[in-house]
Amino acid sequence: MNRIRIESESHELIAGFVAGVEWVNDSAITFVDLDYSGGVPFVLLEDQDGTDEDEDLRLTASGIEAKE
């Protein structure tokens, strides 16, 4: 199991991403935390079918990108 943190400068992008995961979720991904308070909004997921590596990603208008 790994944790994936996805952040964005846009609350709307995070909200849309969360709604999409809720809609297609097959129980392989569970929400750990969703934070809109101060700083950059983010969602922290647990991926039970993943690579067992933690990841930090950025959600942009063009899609999900590796965080630099």
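Buried means under 20% relative accessible area, exposed means over 50%, and partly exposed is what falls in between. Keep that scale in mind, because arginine 58 has 25% relative accessibility and so counts as partly exposed.

**How far to trust the model**

What you're looking at is a predicted model. Its average pLDDT over the chain is 83, and 93% of the residues score at least 70. Among the elements of the chain, the highest mean pLDDT, 89, belongs to strand β4, while strand β2 (residues 29-35) has the lowest, at 80. As a rule of thumb, where pLDDT is low, the predicted coordinates should not be read in detail.

**Charged pairs that link the strands**

Side chains of opposite charge can pair when their charged atoms come close. In this chain, the count comes to 5 salt bridges. Three of them are set out here.

| Pair | Closest N to O distance |
|---|---|
| Glutamate 46 and arginine 3 | 3.3 Å |
| Arginine 58 and glutamate 7 | 2.9 Å |
| Glutamate 7 and lysine 67 | 3.5 Å |

Let's start with glutamate 46, which forms a salt bridge with arginine 3. This pair links distant parts of the chain: glutamate 46 is in strand β3 and arginine 3 in strand β1 (residues 2-7), 43 residues apart. Glutamate 46 has a relative accessible area of 17%, so it is buried. Arginine 3 comes out at 39%, so it is partly exposed.

Now for glutamate 7, which turns up in two rows of the table. Which residue does glutamate 7 meet at 2.9 Å, N to O? That partner is arginine 58. Arginine 58 lies in strand β4 and glutamate 7 in strand β1, so their salt bridge ties together parts that are 51 residues apart in sequence.

Is glutamate 7 buried or exposed? With a relative accessible area of just 5%, glutamate 7 is buried. Glutamate 7 also forms a salt bridge with lysine 67. Because lysine 67 sits in the segment after β5 (63-66) and glutamate 7 in strand β1, this pair ties together parts that are 60 residues apart in sequence. Lysine 67 is partly exposed, with a relative accessible area of 39%. And there's a bigger picture: salt bridges that share partners join Arg5, Glu7, Glu9, Arg58 and Lys67 into one network.

**A patch of negative charge**

Next, have a look at the surface. Asp52, Glu53, Asp54, Glu55 and Asp56 form a negative surface patch. One of these residues, glutamate 53, is found in the loop between β3 (42-47) and β4 (55-60). The relative accessible area of glutamate 53 is 52%, so this residue counts as exposed.

Glutamine 48 also lies in the loop between β3 and β4. At 41% relative accessibility, glutamine 48 is partly exposed. Its C-alpha atom is 12 Å from that of valine 32, and these two residues are 16 apart along the chain.

**One more glutamate**

Finally, where is glutamate 65? You'll find it in strand β5. Glutamate 65 has a relative accessible area of 38%, which means it is partly exposed. Glutamate 65 and isoleucine 6 are 59 residues apart along the chain, and their C-alpha atoms are separated by 9.3 Å.

Technical notes. Residues are numbered from 1 along each chain as its sequence is written. Side-chain values use heavy atoms; hydrogens and water are left out. Patches are made of residues with over 30% relative accessible area and no salt bridge: like charges are joined within 9 Å, nonpolar side chains (Val, Leu, Ile, Met, Phe, Trp, Tyr) within 5 Å. Accessible areas come from the Shrake-Rupley method with a 1.4 Å probe; for residues, only the protein chains shown count as cover. A salt bridge is a side-chain nitrogen of Lys or Arg within 4 Å of a carboxyl oxygen of Asp or Glu. Lys and Arg count as positive and Asp and Glu as negative; His and the chain ends are not counted. The place of a charge is taken as NZ of Lys, CZ of Arg, CG of Asp or CD of Glu. Helices (H or I, at least four residues) and strands (E, at least two) are DSSP runs, numbered from the N terminus. Buried means under 20% relative accessible area, exposed over 50%, partly exposed in between (1.4 Å probe, protein chains only). pLDDT is the predictor's confidence in each residue, from 0 to 100.
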